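Morning, everyone. I have one structure to go through today, so please look at the screen.

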Number of protein chains: 2
Amino acid sequence: MIADVLYERIKDFGPVCFGLDTSATYLPSELLEKYDSRAAAVLAFNQALVDATADVVGCYKVQVAYYEALGLAGMQAYAKTLAYVRSKGVPVIGDVKRGDIAATGSQYAVGHFQGDFEADWITVNPYMGFDAIQPFIDEAVRRDKGIFVLVRTSNPGAADFEYLTVTDQRPLYMHVAEKVANMAANHRGSCGYSAVGAVAGCTQRSEVETVREALQGCFLLIPGYGAQGGTAEDVAAYLENGNGGVVNASRSLLLAWKSQPEVGFAQASRNAAIKMHEDIMTAVLKAGG
Amino acid sequence: MIADVLYERIKDFGPVCFGLDTSATYLPSELLEKYDSRAAAVLAFNQALVDATADVVGCYKVQVAYYEALGLAGMQAYAKTLAYVRSKGVPVIGDVKRGDIAATGSQYAVGHFQGDFEADWITVNPYMGFDAIQPFIDEAVRRDKGIFVLVRTSNPGAADFEYLTVTDQRPLYMHVAEKVANMAANHRGSCGYSAVGAVAGCTQRSEVETVREALQGCFLLIPGYGAQGGTAEDVAAYLENGNGGVVNASRSLLLAWKSQPEVGFAQASRNAAIKMHEDIMTAVLKAGG
């Protein structure tokens, strides 16, 4: 069961989620020049990074926007990146933020849970309502896959709509959290966590307890660490005994070679992933588990 | 300017938007059997429908979910469908409902405003906030493209979050509408409508005036006609002198051949599109403009 697989993986390898939001502009120029196309270079970069980090991260997240930007060749690089991670036996999240109703939602789920674009988990946008989430859950159950529903994102613009206060005095995102938790309850593995998780940014420390409690039994996909200001302590407060969530970092790992040019880009990313893992686990221990 | 192009097109050809949400299961079996792959059959079906209807519809909308479901071959069919419509000089909307922040949002916009997946307009999901809409507007301005932001969708689940009442007593979707209208104001063509439009379903008649007023100067992409219960009268109430919006129909046009098997699938879709156009224009005239 997909939730148990992620749970065991986090237990053994820690909660670092390496975000392969790979812009061709992030690549060392020597690598870029070696390939005929930006898409081919991006794929080679990703594969080298996966080779270098598969034993020091909990999972990968591939942000499809960077691949769509490169057209069909980019989508092929996306497909091959997902397949490469899966061939290593490491869970991979397709960060596609899809959301649509009924038959259309099912088509998205089919597209991202099997075939060329098969991921283990995908991210889902809840704006349109439950009938834009349910088709993803139905397909996830059918294929033993999982979803992370956007609840509280880590961007400043989250304030615009997610934080609007509803007449019961709770912000919109808490309504979404409540509904996601209800949906999640029916899809728990033996680890206690569900195949229905949530995206919850770690940039607002004051809300961590409330959000974590509202999303009991949900894995959290946690953006906002590092570049966006989230600290290891913020992250540790979201985790439960160091599990129950994965902490994404993209640019800080992808661009690690810029601050350690002497070790090569793959080793630089590995070093950065190990350091991030240690930082988080130190904070987890300090937080008392 | 993209808004003026759409305005003129609606003026000359009417507001019917033919939704190419083409599931392979919608194809006549003879057609499906002629091709090696479902994706190739879907593309041939789309091309025949475009040939048969380009002079009786205002624009096309291609729902990418149906193509993603077919993997890389499907994305190629998506690319070729968009290119085929564009080669006829007809505006095409990529119904991709993307939404992500900053650099990632820009990547989506680049992906769908140029290159293999180039559309004239795309749909955008506002859940994450302004900083998940602005990158799409920036790219749209740069490339003379347009967006439709999801405001009030036509599905029952719209009630779950879009209708939550915020403390100022307005529903969430009216907050979104207000912000979209503000953003739209800076991007109007000489026709008076903006390159920033909104998706507003026609299934709740009681709200039409409020929504239309909140979205002054915005083209509306109107789903919900036909199968979902919206009538020509509902639609007419959204339009302004028969312009200022496009009315999507997908299954009723794609599957028209099932109720007129004797004329062939392409002619059946053409007949259905003409009838839909007439229904809407009759209601527009009745509504007094």
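How many residues does the contact take from chain B, and how many from chain A? The contact takes 49 residues from chain B and 49 from chain A. Before going on, please note that this is a predicted model.

On the side of chain B that touches chain A, the elements that give two or more residues are α4 (65-68), α5 (71-87), α6 (102-113), α8 (158-161) and α9 (172-184) of chain B. By residue type, that side of chain B has 24 nonpolar residues, 16 polar and nine charged.

Next, how the two copies are arranged. A turn of 180 degrees, with a shift of 0.0 Å along the axis, lays chain B on chain A with an RMSD of 0.0 Å. That is the relation of a two-fold axis. Both copies use the same surface, since 100% of the contact residues of chain B recur in chain A.

Now chain A taken alone. Chain A has 13 helices and eight strands. Its radius of gyration is 18 Å, and the globule rule gives 19 Å for 289 residues; the two are close, so chain A is as compact as a globular protein of that length. Along the principal axes, the C-alpha atoms of chain A fill a box of roughly 55 × 45 × 40 Å.

What share of the 289 residues in chain A is buried? Buried residues make up 57% of them. As for contacts in chain A between residues at least 6 apart in sequence, 72% join residues at least 24 apart.

That is all I have on this one.

Key
Residues numbered from 1 in each chain as written. Chains lettered and ligands numbered in written order. Predicted model: local features only at pLDDT ≥ 70, side-chain atom pairs only at ≥ 80, totals over all residues. Contact = placed C-beta atoms within 7 Å. Helix = DSSP H or I, 4+ residues; strand = E, 2+ residues; numbered from the N terminus. Nonpolar A, V, L, I, M, F, W, Y, C, P; charged D, E, K, R; others polar. Rg over C-alpha atoms; globule rule 2.2 N^0.38 Å. Buried ≥ 20, exposed ≤ 12 C-beta atoms within 10 Å, placed from the backbone. Least-squares fit on C-alpha atoms with pLDDT ≥ 70 in both.
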